[in-house]
Amino acid sequence: MNKLISAIATASLALLGGPPAHAASFPEKPVTIIVPFVPGGSSDITARSVMPGMQKLLGQSFVAENKPGANSAIGAQALARSTADGYTMMVGSIGTFAINEALYKELAYNPSKDFAYLTQAVRNPNILVAPPSFPPNTVAELVEYAKKHPGEVSYASSGTGSSDHLSAILFRQRTDTTGVDVPYRGGAAAIADLLGAQVNVSFQNLGAVQKHVLAGKLKALAITGDTRAAELPDVPTLAEAGIKDMVVYSWQGFAVPRNTPAPVVKTLSDALRKTLREPDVTKTLQGLGFEVVANSPEEFAQFQQAEVKRWKQVIKDGGIQLQ
């Protein structure tokens, strides 16, 4: 009798300790990837770049669903409220997963509590650009010019709280200079006024302005990455230009609802990282100015927390009013 009870107990423990049945066979139906921005942006491109590879590896369709609005909060809230079974995931940006938490008093979701992170997919640096007619041609000259013209240098950005906006804030903190922020409704409008010399400088995403720099329509003073960009080898990093502790990347990553089963998280993360490292996918993303990261869930979660902490400090030191 005791042996029978022991055998039953052992079997029960084995069943409890094993993966849930739905996790072992995941996925059994199509998976939705929420994109919390309009089609054509960096998050959207990242999602659509991995979908064919994910389908091939996991044998199910992956469908992108654009849910733009409220600086990506609408889509992120939808993910946070979705069933934690792996059939709804999201690709979001530095804003979605880090800056929003630092900038908004009341956010409809909590990036640090509501999600399980799969991988930081890609990153790309910002590049400090100016119209050819703007006098400074180097970072040192820009700093000198800003100190001689306090509060006059205009910094265009794609919107309050964007990575280009906060890069400008951080730059002025690091150089003890002043300027005026000119936020736009998106990067395209900011770039248009840069090309028209209506504003002085901007920390635009490398992929968004690279063609204008190569065509001579904008001049590049420095790049915010930790190394020079292969596409623009003559443009120094900010560190090389004398500005320390200012490595900034815009980035995209994937997440699922927080309580998604660990085996499902692993399945999705492994497939994402393998897909991102496929030569054709990597080549496509690099051609758009992205650098593939494809790190582990643990590494991405640690990075996300470091980014939240960093931008909270920048916003506090910059006296930026919380939204």
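Contact here means heavy atoms within 4.5 Å. Keep that in mind for the exercises below, and remember that you're looking at a predicted model.

**Exercise 1. Find out which residues Thr 46 touches, and whether Thr 46 is buried or exposed.**

Step 1: Start with the location. Thr 46 sits in helix H3, which covers residues 42-58.

Step 2: List the partners, skipping anything up to four places away in sequence. That leaves Val 91, Ala 121, Val 122, Gln 252, Phe 254 and Phe 290.

Step 3: Pick one partner and check how far off it is. Val 91 is 45 residues from Thr 46 in sequence, yet their C-alpha atoms are 7.6 Å apart in space.

Step 4: Look at the side chain. A polar atom of the Thr 46 side chain lies 2.8 Å from the backbone oxygen of Ser 42.

Step 5: Decide on burial. The cut-off for buried is under 20% relative accessible area. Thr 46 has 0%, so it's buried.

**Exercise 2. Work out whether Thr 88 and Ser 93 are buried or exposed, and what each one touches.**

Step 1: Place them. Thr 88 is in strand S3, residues 88-93, and Ser 93 is in strand S3 too.

Step 2: Apply the under 20% cut-off for buried. Thr 88 comes in at 18%, so it counts as buried. Ser 93 has a relative accessible area of 10%, so it's buried as well.

Step 3: Now the contacts, again leaving out neighbours within four places in sequence. Thr 88 meets Thr 32, Ile 34, Leu 79, Ser 82, Val 256 and Pro 257. For Ser 93, the partners are Phe 37, Ser 43, Trp 251 and Gln 252.

Step 4: Link back to Exercise 1. Gln 252 is a partner of Ser 93, and Gln 252 also turned up among the contacts of Thr 46.

**Exercise 3. Describe how helices H7 and H12 cross, and say which residues make the contact.**

Step 1: Know what to look for. Two packed helices are described by the angle between their axes and the distance between the axes.

Step 2: Get both values. The axes of H7 (residues 163-175) and H12 (residues 297-317) come within 10 Å and cross at roughly 65 degrees.

Step 3: Name the arrangement. Angles of 65 to 115 degrees count as roughly perpendicular, so H7 and H12 are roughly perpendicular to each other. Their crossing is left-handed.

Step 4: Find the residues. H7 supplies Leu 166, Ile 169, Leu 170 and Gln 173, while H12 brings Arg 310, Trp 311, Val 314, Ile 315 and Asp 317.

Step 5: Sort them by type. You should end up with 6 nonpolar, 1 polar and 2 charged.

Note on methods: Residues are numbered from 1 along each chain as its sequence is written. This is a predicted model: local features need pLDDT of at least 70, side-chain atom pairs count only at pLDDT 80 or more; totals for chains, interfaces and linings use all residues. Side-chain values use heavy atoms; hydrogens and water are left out. Axes are lines fitted to C-alpha atoms, for helices over the stretch in contact, and angles run from 0 to 180 degrees between N-to-C directions. Helices (H or I, at least four residues) and strands (E, at least two) are DSSP runs, numbered from the N terminus. Angles under 35 degrees count as roughly parallel, over 145 as roughly antiparallel, 65 to 115 as roughly perpendicular and the rest as oblique. A crossing is left-handed if the near helix is turned anticlockwise from the far one by less than a right angle, and right-handed if clockwise. Ala, Val, Leu, Ile, Met, Phe, Trp, Tyr, Cys and Pro count as nonpolar, Asp, Glu, Lys and Arg as charged, and the others, Gly among them, as polar. Buried means under 20% relative accessible area, exposed over 50%, partly exposed in between (1.4 Å probe, protein chains only). A polar contact is a pair of N or O atoms within 3.5 Å; within protein, one must be able to donate a hydrogen and the other to accept it, and residues adjacent in sequence count only if both atoms are side-chain atoms.
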